[in-house]
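Trainee: Could you take me through one part of this model in detail? I'd like to look at the barrel and the helices packed around it.

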Amino acid sequence: MQAANRLQKALRGSGPTFGAWQTLPGSNLSRTIARSGFDWVLVDTEHGNIDDGAMHECVAAIAGCGVSPIVRIAANEGWMVKRALDAGAHGIIVPLLYTEEDARKLVSSAKFPPAGVRGFGSPFPMGSFGNETTAQYLQQANESLLTIVQIETKEALHNVDAIAQVPGIDVLFVGPFDLGNNIGHPILDGSMHEDLQKAIASVLRAAKENEKRAGIYATSGEQARTFSDQGFNMISVAADMNALQTYFESALSSAKGSLAHSAWNMAKGAAGGVSKMTRP
């Protein structure tokens, strides 16, 4: 199973991993994103338009491309953890943690006994790991799946070292927008306040000092490269909704520019013709 978890293998190396954010439902969209060269694709059931059934389809499609499907659940609830992992997710991202106790609760929900309390019985997750049998999945899942916590609240930032020290937590993932909101420095124009930059740096430090990996949400390839240079290991590059709107706006702008240029040439030509016709 560990060999099939592309993200887990990559995180064990020294370089960065790059992923994309899927908020729209559809297995064809999942495959399109996965085939773009990413190490992982996050299926967002917190803020995305993706319900439980669509999440199952997306996870299977991404895994079928040899890419790691990661599911962001909506809250730190055991049944949400179970549904995501039972669908075949290679890992989960959990938002809005606050304390070490929250992190321990999450790890317990994500692990089979005796390490946790996750129930066993889904016929689906094995398909995300090749030809694993149900028995092999049961025996290997605890060591083969990623448990990722978002550090995006003031309380989690204060408790970041204690959270990082919890066994079973693999990645501290910065949600810069919510973190900025929660410490009083929201990102409004794309720029980050100095205090938010320091908060992000403290999460990176806590991860490194506790031998965990650090991740962060970026809004562009350029920003993702900056975070990679800073030492982050798991970095988003683009989100489907943002990418679609950006592309369509750019294409339309180019088209309108071409039309304007053509209209200018036509007007110039017409003026020249009139000048020739009226010249004595």
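Mentor: Here is a walk around the barrel, then the helices, then one buried side chain. Keep in mind that this is a predicted model.

Let's start with the sheet. There are 8 strands, closing into a barrel in the order β1-β2-β3-β4-β5-β6-β7-β8, and the pairing is parallel. Ignoring direction, neighbouring strands in this sheet are turned by 25° against each other on average. As for what holds such a thing together, strands of a sheet pair through backbone hydrogen bonds, either parallel or antiparallel.

Now zoom in on β1, residues 17-22. On one side, β1 runs parallel to β8, with 5 bridges joining them; to find the spot, look for W21, which stands opposite A239 in β8. On the other pairing, β1 and β2 are parallel too, over 4 bridges, and there Q22 sits opposite V43 of β2. β1 is mostly covered, with 5 of its 6 residues buried.

Follow β8 (residues 234-239) to its pairing with β7 (residues 213-216): that one is parallel over 2 bridges. Here G215 is the residue standing opposite M234 in β8.

Next, the helices. α3 lies across β1, β2 (40-44) and β3 (68-72), and its direction is about 155° to that of β3. α5 does something like this further along, lying across β4 (91-94) and β5 (146-151) and running at about 155° to β5.

α3 (residues 52-63) also has a helical partner: its axis and that of α2 (residues 27-34) come within 8 Å and cross at roughly 30°. The crossing is right-handed. On the α2 side the contact is made by S27, S30, R31 and A34, and α3 brings in E57, C58, A61 and I62. Sort those contact residues by type and you get 4 nonpolar, 2 polar and 2 charged.

Finally, have a look at R118, in the loop between α5 (100-110) and α6 (134-144). Is this arginine buried or exposed? R118 counts as buried, because its relative accessible area is 4%, and the cut-off for buried is under 20%. Its side chain has a polar contact of 3.0 Å with the side chain of Y137. Setting aside neighbours within four places in sequence, R118 touches a whole list of residues, including L85, D86, S108, F112, P113, A141 and L145. If you want to colour one residue and inspect its surroundings, R118 with its partner Y137 makes a handy pair to click on.

Notes. Residues numbered from 1 in each chain as written. Predicted model: local features only at pLDDT ≥ 70, side-chain atom pairs only at ≥ 80, totals over all residues. Heavy atoms only, no water. Axes fitted to C-alpha atoms, helices over the stretch in contact; angles between N-to-C directions. Left-handed = near helix turned anticlockwise from the far one by under 90°. Contact = heavy atoms within 4.5 Å. Nonpolar A, V, L, I, M, F, W, Y, C, P; charged D, E, K, R; others polar. Buried < 20%, exposed > 50% of the residue type's maximum accessible area, 1.4 Å probe, protein only. Polar contact = N/O pair within 3.5 Å; in protein donor to acceptor, adjacent residues only side chain to side chain. Pairing = 2+ DSSP bridges.
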